[in-house]
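Reader: I am new to reading folds. Please take me through this one, and explain the terms as they come up.

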Amino acid sequence: MRFLLLSCCAPCSCAVIKTLSEADEDFAVLFYNPNIVPYEEYRKRCDENKKLCQKYNVEFIELEYDNKLWYKLTEGLENLPERGKRCSICFAMRLRKAFEYAKEHGFDAVASVLGVSRYKDLNQVNEVAYLEAQRAGMPYLEIEGRKGGLQELRYQLIKELNLYNQEYCGCKPRKENNVLA
């Protein structure tokens, strides 16, 4: 089964990409993250993700940076906390595009690492993903990127590969106790 892995950034996806690659899974990485601002930050994350895929000989696909559409879909939700309605809308937008791309390009399923970060709710990601999978008529493969040693491998790879590790999700910096988290 050939599947498409929606990736938000290299630090969140590194352990999953390495593990899948070493298991000879048939997959490609899709980078579709129009939520990331500013554009310079988007470029850093995209380029780092591409470099990671090259290291593990995994196909990397970058889709357009449509930040205007993202802003339109999330208008009025700017001040909501993470894990709220804005995140669900963001996940739906990105997953919908992933499923569309997968169908158009002969993939059999879609997976994502959108729930790997400790700042995200994996159940929220999976709920949205299953709705989009049903809409697309294509399977969604759940990936748990925190358990089974993957979290530890992730931290090791971030350090070992000197991956650019951003300080916020993408849509806006998060402040906790007046310190960037």
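**Strands, sheet and helices**

Author: Start with one pair: Val29 stands opposite Phe60 in β3. The model is predicted, so local features need pLDDT of at least 70, side-chain atom pairs need 80 or more, and totals for chains, interfaces and linings use all residues. Residues are numbered from 1 along each chain as its sequence is written, and side-chain values use heavy atoms, without hydrogens and water.

Reader: What makes β2 and β3 a pair?

Author: Strands pair if DSSP finds at least two bridges between them. Strand β2 (residues 26-31) and strand β3 (residues 59-62) have 4 bridges, in the parallel sense. So they count as paired.

Reader: Why is the β-α-β crossover called right-handed?

Author: The chain runs from β2 through α2 to β3. With the strands pointing away from the viewer, a clockwise path from the first strand over the helix to the second is right-handed.

Reader: What makes β3 and β5 edge strands?

Author: Each pairs on one side only. The open sheet has 5 strands in the order β3-β2-β1-β4-β5.

Reader: Why is α1 called roughly parallel to α2?

Author: Helix α1 (residues 10-22) and helix α2 (residues 39-55) pack at about 15°. Angles run from 0 to 180 degrees between N-to-C directions. Under 35 degrees is roughly parallel, over 145 roughly antiparallel, 65 to 115 roughly perpendicular, and the rest oblique. Therefore α1 is roughly parallel to α2.

Reader: Which residues of α1 make the contact?

Author: Ala10, Ser13, Cys14 and Ile17 do, against Glu48, Asn49, Leu52 and Cys53 of α2. Contact means heavy atoms within 4.5 Å.

Technical notes:
Helix = DSSP H or I, 4+ residues; strand = E, 2+ residues; numbered from the N terminus.
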